[in-house]
Amino acid sequence: RGKLWSKISKAIIVAAQMGGGDVDSNLRLRYAVNDAKAASMPKDTIERAIKKGTGDLEGGRMEEILYEGYGPGGAAVLCEIVTDNRNRTAPEIRKVFEVHGGKLGATNCVAYLFDRKGQFVVNAAKVSEEKLTEIALDAGADDIQRVGDVFQVTCPVDSYQGVTEALAAAKIE
């Protein structure tokens with residue numbers, strides 16, 4: 001439980017650093033706080049993490065770093081890492097790549113191969129395709145595909161909140 005709380009606390013700190021301490025205007029912080037509440041993290045611990053992120057309290061400065069490289073067989077790998085010490089993290093990540101038959105690459109060596117998208121998985125038995133298509137596309141979704149007994153709804157990152165709210169308002173799980 002302590003390990004999970006530590007991980008969630010770091011996510012809250014980074015989110016507060018990047019977008020401020022207001023949960024209503026910072027989507028990333030809102031999701032991190034929701035995760036903390038789901039893990040039964042105490043309210044004062046959540047507030048302390050937000051204050052560390054905004055700089056109101058002293059604490060280790062967390063930062064998010066993107067590492068790119070190639071895995072076994074030349075597979076492109078993109079790693080988002082949250083750390084308090086980038087000088088310690090880079091050699092550790094390099095070693096992980098090398099131990100598993102890969103190689104850490106330079107900046108933007110594989111990032112162009114990836115698209116950031118939001119994805120929702122909806123049980124096909126609970127909603128018709130027409131209704132889901134209408135709601136999701138009106139909210140800003142890009143695509144809806146049926147895969148087996150579920151629908152996969154994809155959207156741009158900036159439309160994620162709108163699609164989430166539209167699906168919740170329509171009571172689609």
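**Briefing: cysteines, fold and surface of the protein chain**

In this predicted model, C109 is a buried residue whose relative accessible area comes to 15%. C155 also counts as buried, with a relative accessibility of 0%. The count of disulfides in the model is zero, and the bullet points below set out the distance behind this for C109, followed by the fold and the surface of the chain.

Cysteines

- A disulfide is a covalent bond between the sulfur atoms of two cysteines.
- For C109, the closest cysteine sulfur belongs to C79 and lies 11 Å from the sulfur of C109, which is too far for a bond, because a pair of cysteine sulfur atoms has to be within 2.5 Å to count as a disulfide.

Fold

- The protein chain holds six helices and six strands, and, when it is read along the sequence, these elements follow the pattern α-α-α-β-β-α-β-β-α-β-β-α.
- Where contacts in the protein chain join residues at least 6 apart in sequence, 53% of them are between residues at least 24 apart.
- The C-alpha trace of the protein chain spans about 50 × 45 × 25 Å along its principal axes.

Surface and charge

- The protein chain has 173 residues, of which 31% count as buried, and its accessible surface comes to about 10900 Å², with 49% of that surface belonging to carbon and sulfur atoms.
- The protein chain carries 23 positive and 25 negative charges, and the mean positions of these two sets are 8 Å apart.

Methods:
Residues numbered from 1 in each chain as written. Predicted model: local features only at pLDDT ≥ 70, side-chain atom pairs only at ≥ 80, totals over all residues. Heavy atoms only, no water. Buried < 20%, exposed > 50% of the residue type's maximum accessible area, 1.4 Å probe, protein only. Helix = DSSP H or I, 4+ residues; strand = E, 2+ residues; numbered from the N terminus. Contact = heavy atoms within 4.5 Å. Areas by Shrake-Rupley, 256 points an atom, 1.4 Å probe, with all protein chains shown as cover. Lys, Arg positive; Asp, Glu negative; His and termini not counted. Charge placed at Lys NZ, Arg CZ, Asp CG, Glu CD.
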